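Open the model in your viewer and switch to a cartoon view. Keep the selection box at hand. We will go stop by stop.

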Amino acid sequence: REEYLKMSVTERNQKALDRYWKRKHSPIELGKMYERYVGYLYETNGYVVEYSGIRNGLEDLGRDLICHKGKTTEIVQCKHWAKYKNVYENRIFQHFGTVFEYRMTHKDRKVVAAFYTTTKLSGLAKVFAKEMGMKLVESHKFDKSYPCIKCNIGTDGTKIYHLPFDQQYDNTKIDTKKGEFFASTIKEEIGR
């Protein structure tokens with residue numbers, strides 16, 4: 001405790017982040033972490049990402065991520081499963097159904113279905129996904145070393161950073177045009 005109290009806020013927060021990555025996570029937590037990682041990939045490619053799966057839980061309609069860029073929206077389903085498991089066609093049909101409904105209610109947008117998984121799809125699931133025009137990303141590993149700290153600028157110009165276990169983390173959008181970015185360490189964020 002004495003050692004902890006001598007640490008700066010930066011050191012304490014970095015220690016908390018390091019512990020977060022090292023501890024054992026439940027399958028539900030790993031699923032959320034995988035969704036955040038895939039969302040990060042979209043955000044760094046210029047998409048504005050809604051973390052629907054994390055925010056809405058079982059009410060997400062199978063839409064883990066809703067990613068907007070220009071007039072295009074990608075509806076993303078993420079499956080962080082053990083590598084020995086396969087994704088079968090029922091998951092593809094379910095995702096297609098929710099994407100179809102989104103298309104019907106957002107006719108002004110080009111809506112694309114995307115499916116990311118750490119494992120493989122069954123042969124029949126691949127055939128159906130291809131026929132439905134679904135973007136498939138199989139065996140997509142979760143890179144836990146990605147820069148997960150969201151560094152943004154408040155409305156008053158204050159520089160703020162958000163860690164994955166912060167309450168507003170999944171509501172925070174990164175706008176690189178404003179100088180916001182992702183960082184790997186808190187020192188990197190402080191040094192901007």
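Two strands count as paired if DSSP finds at least two bridges between them. Keep that rule in mind, and remember that this is a predicted model.

**Stop 1: the five-stranded sheet**

Select residues 48-50, which are strand E1. Add residues 65-69, strand E2. E1 and E2 run antiparallel, and 3 bridges join them. That satisfies the rule of at least two bridges. Now show the side chains of Val49 and Cys67. Val49 stands opposite Cys67, which belongs to E2.

Widen the selection to the whole sheet. It is open and has 5 strands, in the order E1-E2-E3-E5-E7, with mixed pairing. Which strands are at the edges? They are E1 and E7 (135-137), and each pairs on one side only. Turn the view to see the twist. Neighbouring strands are turned by 20 degrees against each other on average, direction ignored.

A general point helps here. Strands of a sheet pair through backbone hydrogen bonds, either parallel or antiparallel.

**Stop 2: two helices on the sheet**

Select helix H3, residues 27-43. H3 lies across E1, E2, E3, E5 (110-117) and E7. Compare its direction with that of E3: H3 runs at about 150 degrees to this strand.

Next, select helix H5, residues 89-105. H5 packs on the sheet and touches E2, E3, E5 and E7. The directions of H5 and E5 make an angle of about 155 degrees.

**Stop 3: the largest pocket**

Switch on a surface. The largest pocket has a volume of about 520 Å³. It is lined by 20 residues. Which of them are closest to its centre? Select Glu35, Asp64, Gln77, Cys78 and Lys79 to see them.

Now colour the lining by element. H3, helix H4 (52-56), strand E3 (72-79) and H5 each supply at least two residues. H3 gives the most, with 6 residues. Then colour by class: the lining has 7 nonpolar, 7 polar and 6 charged residues.

**Stop 4: the second largest pocket**

This pocket has a volume of about 170 Å³. Select its lining in two groups. One group is Glu43, Thr44, Gly46, Tyr47 and Val48. The other is Lys173, Ile174, Asp175, Thr176 and Lys177. By class, the lining holds 3 nonpolar, 3 polar and 4 charged residues.

**Stop 5: an aromatic pair**

The structure holds 13 aromatic pairs. Show Trp21 and Phe142 as sticks: they form one of these pairs, and it is tilted. The ring centres are 6.1 Å apart, with 55 degrees between the planes. Where in the chain do Trp21 and Phe142 sit? Trp21 is in helix H2 (residues 9-22), while Phe142 is in the loop between E7 and strand E8 (149-153). They are 121 residues apart, and the pair links distant parts of the chain.

**Stop 6: the three-stranded sheet**

Stay with E8 and select its sheet. The sheet is open, its 3 strands come in the order E9-E8-E10, and the pairing is antiparallel. E9 (159-162) and E10 (181-183) stand at the edges. Each has a single partner strand, so one side of each is left without a neighbour in the sheet. The twist averages 30 degrees from one strand to the next.

Look at the two pairings in turn. E8 and E10 are joined by 3 bridges. There, Ile149 stands opposite Ala183 in E10. E8 and E9 pair over 4 bridges. Lys150 has His162, in E9, as its bridge partner.

Finish at the hairpin of E8 and E9, which has 5 residues between the strands. Select Gly157: it takes a positive phi near 95 degrees.

Technical notes
Residues are numbered from 1 along each chain as its sequence is written. This is a predicted model: local features need pLDDT of at least 70, side-chain atom pairs count only at pLDDT 80 or more; totals for chains, interfaces and linings use all residues. Side-chain values use heavy atoms; hydrogens and water are left out. On a 1 Å grid over the protein atoms alone, a cavity is a set of points where a 1.4 Å probe fits but cannot get out, and a pocket is an open set with protein on both sides within 12 Å along at least five of seven lines; lining residues have an atom within 4 Å of a point. Grid points are joined across faces, edges and corners, and a volume is the space filled by probe spheres set on the points. Ala, Val, Leu, Ile, Met, Phe, Trp, Tyr, Cys and Pro count as nonpolar, Asp, Glu, Lys and Arg as charged, and the others, Gly among them, as polar. Axes are lines fitted to C-alpha atoms, for helices over the stretch in contact, and angles run from 0 to 180 degrees between N-to-C directions. Contact means heavy atoms within 4.5 Å. Rings of Phe, Tyr and Trp (its six-membered ring) pair if their centres lie within 6.5 Å; planes under 30 degrees apart count as stacked, over 60 as edge-to-face and the rest as tilted.
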